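Open the model in your viewer and keep the sequence panel beside it. We'll go from stop to stop, with something to select at each one.

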Amino acid sequence: MYPVSDRFPKRLTEDHTPVTQVSLFLTTGQVIDLPHTGGSVTVDGAQAIRRTCTVTCPDPTLIPRTPADELATYGARMRIARGVDYGDGTQELIPLGVFRLDDVDGDVSEGSVTLTGSDLAIIVQDDKFTAPYRVTGTVVSAITEIIQRSIPGADIISQITNTVIGSRVFAVEADPWAGVQEIAAAAGAECYASPDGEFIIATLPDLATTEPVWAIEAVEGGAYISGQRAMSSKAVHNGVLARGENTSDNAPPVSYLATDNDPNSPTYWGGPFGRRPTFHNSSTLITTGACQAAATVILAKAKAPNASGDISSLPNPALEPGDVLRVQHEDGSRELHQVAAFTVPLDLGGDFPISTISAKEDA
């Protein structure tokens with residue numbers, strides 16, 4: 001969860017006035033504080049581009065009409081935040097993301113205008129390789145090189161133990177952002193754009209050992225609105241075979257098979273669920289340990305959809321995919337859920353649905 005003050009979570013469940021802020025950064029250097037009547041920010045850890053936004057504004061002059069307008073708008077960015085007014089003259093705003101402005105659409109005479117955007121990973125994704133591109137070294141250095149190739153000066157924050165990788169040559173037209181994820185997997189990690197517009201290299205928190213960051217409880221003064229629990233075996237895998245072979249570095253083939261080895265798990269490798277492996281191949285993997293790290297992080301996501309939930313609560317803009325939540329339903333049952341995706345409304349009365357990738361009973 002994004003760092004907040006001690007009083008912020010408590011305030012979310014009290015009667016308070018939410019506040020939202022949308023700033024538009026034009027390429028001319030001008031910064032516009034956008035009045036807005038609605039919109040939302042969607043955060044989904046399963047998508048290549050984790051954060052996307054839609055903002056509704058009443059001002060039709062935002063629609064580019066001249067070449068100068070277009071020049072100022074193409075490449076513009078938005079910074080969005082939501083928080084609370086404490087009623088004592090202070091506010092606490094939580095960043096929801098820095099976005100490249102992708103579309104502006106609306107009625108040129110009467111408005112309103114809809115602006116849509118994607119987090120800064122889209123800039124890396126769109127900058128496809130136009131010549132064969134080779135990286136080597138470590139996970140952090142290779143990821144930094146690819147991201148800063150598209151966004152010079154971008155901040156890359158590593159929260160992992162760095163790992164040496166084998167050299168990797170990406171073909172013409174290859175997706176650099178997909179390459180970043182492939183390299184991160186060599187350290188059992190993932191990379192994403194943060195709410196502050198930085199790039200984070202981190203591992204997915206373990207539901208079994210991570211402390212919950214927020215409680216959603218169906219009690220008086222709680223944040224709970226409704227909840228559902230689901231089970232599905234679609235696209236679920238209980239084994240991942242990660243393999244690496246790098247002839248250019250004279251590295252011998254290596255591999256590791258990670259499986260769901262918990263006999264109490266519904267997707268247990270040796271249980272009724274059967275064996276449903278998936279595979280990951282990369283020349284960046286040059287040791288068995290690297291294969292194990294990659295297979296383990298991929299397995300955590302591959303088997304997680306077997307247990308899922310859809311929780312509706314009061315909005316909490318500080319949540320992140322991977323956060324662990326403690327949920328208490330109306331019947332008194334308690335579960336731990338791991339956040340997969342959610343949508344933060346920019347209008348004051350909006351709902352706040354949270355999808356989870358895994359859930360288990362909470363003692």
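## Stop 1: a buried threonine

Start with Thr267, which sits in the loop between strand 16 and strand 17. Before going further, note that this is a predicted model: local features need pLDDT of at least 70, side-chain atom pairs count only at pLDDT 80 or more, and totals for chains, interfaces and linings use all residues. Residues are numbered from 1 along each chain as its sequence is written, and side-chain values use heavy atoms, with hydrogens and water left out. Helices (H or I, at least four residues) and strands (E, at least two) are DSSP runs, numbered from the N terminus.

Is Thr267 buried or exposed? Thr267 is buried, at a relative accessible area of 2%. Here buried means under 20% relative accessible area, exposed over 50%, and partly exposed in between (1.4 Å probe, protein chains only). Now show side chains: that of Thr267 makes a polar contact with the side chain of Ser265, at 3.1 Å. A polar contact is a pair of N or O atoms within 3.5 Å; within protein, one must be able to donate a hydrogen and the other to accept it, and residues adjacent in sequence count only if both atoms are side-chain atoms.

## Stop 2: strand 15 and its partners

Select 239–246, which is strand 15, and 251–259, which is strand 16. These two run antiparallel and are joined by 7 bridges. Two strands pair if DSSP finds at least two bridges between them. Click Gly239 and look across to strand 16, where its bridge partner is Thr259.

Next add strand 17, residues 277–281. Which way does it run against strand 15, parallel or antiparallel? The pairing is in the parallel sense, over 5 bridges. Within it, Ala242 has His280 of strand 17 as its bridge partner.

Now move to the turn of the hairpin of strand 15 and strand 16, which has 4 residues between the strands. Asn250 is in that loop and has a positive phi of about 55° although it is not a glycine. Asn250 is exposed, with a relative accessible area of 71%. Asp249 is in the loop between strand 15 and strand 16 too, and counts as partly exposed at 32% relative accessibility. Draw a C-alpha to C-alpha distance from Asp249 to Ser167: these residues are 82 apart in sequence and 6.9 Å apart in space.

## Stop 3: helix 5 and the loop before it

Select Glu173, in the loop between strand 10 (164–170) and helix 5. Glu173 is another residue to check for backbone angles: its phi is positive, about 80°, although it is not a glycine. At 68% relative accessibility, Glu173 counts as exposed.

Step along to Asp175, which caps the N-terminal end of helix 5. One of its side-chain oxygens lies 2.8 Å from the backbone nitrogen of Trp177. Of the 10 residues of helix 5, 8 are buried, so the helix is largely enclosed by the rest of the structure. Among the buried ones are Pro176, Trp177, Glu182 and Ile183.

## Stop 4: the strand 11 hairpin

Strand 11 and strand 12 form a hairpin with 5 residues between them, and Gly197 in the turn has a positive phi of about 85°. The two strands run antiparallel, joined by 4 bridges, and Ala193 stands opposite Phe199 in strand 12. Turn on side chains for strand 11: Glu190 and Tyr192 point one way, Cys191 and Ala193 the other, and all are buried. In strand 12, Ala202 is buried too, with a relative accessible area of 6%.

## Stop 5: the second largest pocket

Which residues should you select to find the centre of this pocket? Of the 25 lining residues, Gly45, Ala46, Gln47, Glu190 and Lys301 lie nearest its centre. The elements giving two or more residues to the lining are helix 5 (176–185), strand 11 (190–193), helix 6 (288–303) and strand 20 (334–345). A pocket is an open set of points on a 1 Å grid over the protein atoms alone, where a 1.4 Å probe fits, with protein on both sides within 12 Å along at least five of seven lines; lining residues have an atom within 4 Å of a point.
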